[in-house]
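Q: Please take a close look at one part of this model for someone who has not seen it before. Start at one residue, then connect it to the rest step by step.

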Amino acid sequence: MVIWKLTSSGALDTSLSSDGVYTHNNAAGGNLHDQGNDIVVHSNGYMFVTGFSDQTATNRDMAIWKVAPPGFLDTTFSSDGIVTADGSAGGEDDIGNSIILDANNEILVAGRSDRPGNVADMAVWKFSSLGAPHAGFNGTGVFTQNSAAGGNAFDTARDLVLDEVGDIYVTGYSRNVANNNDMVIWKLSASTGTLDQSFNSTGYYVYNIVPAVNASVDDTGEAIAIDDSGNIMVVGTGNSDVAAWRITAEGVLDTSFNADGIFLHDAAASGFANDFGYGIYVDNKDGLLYMTGSSENPAGNFDMAVWRLD
């Protein structure tokens, strides 16, 4: 796992580990692969990274590292600066994809946890500021769910965000009965760590963009944000196009957004093939939405792309 710190001019900042780079391996004890997938920096400069660390060649643990500003593990966090989670859904692999801090500096991680049989659940873990599982969160410190889209096979969480009262919105995807992925938004209560059924009456919203056109199409949510009106914005991919959805706080498509609640775009790089969205930023001051991702060009390579929507 690696953290690079850059100055505003784009040079390595040697205040981190004397050379601008911090690395760590063997968080789960396997001395194999460790990877950071997301990072959040507290106002005091402490860095929290989530991802995974291999316990064995076939067992991957979700990992959180807490790194002090000078570039060493903060041992006030779980006694060694590292938290790992294994077998949260009963299987082997656990992976953290996104990490945030709440108003109490408690840590939330979204990702996936495998069940036996090569299937997976979406997972959200919550830890105290000292690295202990938060027992008030679903009674165990972790929430998992499978089969949001009805396929009972593979669900994963890719990103999460908190609303103004601390409730948790998570996006990702779920395998449906046709064995392709549907975009999903889950809402969890901040107080209980369970599904908030005031959201779409189930606590989650599932969308398959074009089932009538192509039943094998994958739709995925990759990044999530909330605008000043409380609408949930998700960017990802639908039918191989970059996709943006706007969902109301009640859990239904907001048809004032592009007439049907969805924006799709392809061929940003003139390749007329695959466009993917991975990041989102809502500029509430100007009412603009920014998305970033990639677009296939005529040579079959992928170019970085940024889209801006009114």
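A: N31 is exposed, because its relative accessible area of 53% is over the 50% that the term requires. The model it belongs to is predicted. N31 is found in the loop between β2 (21-23) and β3 (34-41). Its backbone deserves a look as well. Phi of N31 is positive, at about 55°, although the residue is not a glycine.

A comparable case is S79. This residue is not a glycine either, and its phi is near 70°, a positive value. S79 sits in the loop between β5 (59-67) and β6 (82-85). With a relative accessible area of 62%, S79 is exposed.

Glycine brings us to a hairpin. Strands β8 and β9 form it, with three residues between the strands. There, G117 takes a positive phi near 100°. Strand β8 covers residues 107-115 and pairs with β9 in the antiparallel sense, over nine bridges. Within this pairing, L108 of the hairpin stands opposite K126 in β9.

Strand β9 itself spans residues 119-127. How many of its nine residues are buried? The count is nine of nine, and the strand is mostly covered. Its residues point in two directions. V119, D121, A123, W125 and F127 point one way. A120, M122, V124 and K126 point the other way. Residues of both groups are buried. K126, the partner of L108, belongs to the second group.

Strand β9 has another partner too. Four bridges join β9 to strand β10 (residues 142-145), and the two run antiparallel. V124 of β9 has F143 as its bridge partner in β10. In general, the strands of a sheet pair through backbone hydrogen bonds, in a parallel or an antiparallel way.

Next comes a sheet further along the chain. Three strands form it, and the sheet is open. Their order is β19-β20-β21, with antiparallel pairing. The edge strands are β19 (275-283) and β21 (302-309), since each pairs on one side only. On average, neighbouring strands of this sheet are turned by 20° against each other, direction ignored. Strand β20 covers residues 288-296 and shares eight bridges with β21. One of the pairings is that of T292 with V306 in β21.

Aromatic side chains are another thread to follow. The count comes to six aromatic pairs. One of them joins Y169 and F199. Their ring centres are 5.7 Å apart and their planes stand at 80°, so the pair is edge-to-face. The label follows because an angle over 60 degrees counts as edge-to-face. Y169 lies in strand β12 (residues 168-176), while F199 lies in the loop between β13 and β14, so the pair ties together parts that are 30 residues apart in sequence. The rings' owners are also well covered by the accessibility figures. Y169 counts as buried at 3% relative accessibility, and F199 is buried at 0%.

F276 and Y278 make a stacked pair. Here the centres are 6.4 Å apart, and there are 20° between the planes. An angle under 30 degrees is what makes a pair stacked. F276 has 22% relative accessibility and counts as partly exposed. Y278 has 46% and also counts as partly exposed. These values fall between the 20% and 50% limits, so neither buried nor exposed applies. Ring pairs link F276, Y278 and F302 into a cluster. By their numbers, F276 and Y278 fall in edge strand β19, and F302 falls in edge strand β21.

One ring is matched with a charged residue. K66 lies over the face of Y46, at 4.9 Å from the ring centre.

The last stop is S189. Its place is in the loop between β13 (181-188) and β14 (204-207), which is the loop that holds F199. Is S189 buried or exposed? S189 counts as buried, because its relative accessibility is 13%, and the limit for that term is under 20%. This sets S189 apart from N31, a loop residue that is exposed. The side chain of S189 makes a polar contact with the side chain of S191, at 2.9 Å. Leaving out residues up to four places away in sequence, S189 touches D167, I168, T194 and D196.

Technical notes: Residues numbered from 1 in each chain as written. Heavy atoms only, no water. Buried < 20%, exposed > 50% of the residue type's maximum accessible area, 1.4 Å probe, protein only. Polar contact = N/O pair within 3.5 Å; in protein donor to acceptor, adjacent residues only side chain to side chain. Contact = heavy atoms within 4.5 Å. Pairing = 2+ DSSP bridges. Axes fitted to C-alpha atoms, helices over the stretch in contact; angles between N-to-C directions. Phe/Tyr/Trp six-rings, centres within 6.5 Å; stacked < 30°, edge-to-face > 60°. Lys NZ or Arg CZ within 6 Å of the ring centre and 35° of its normal.
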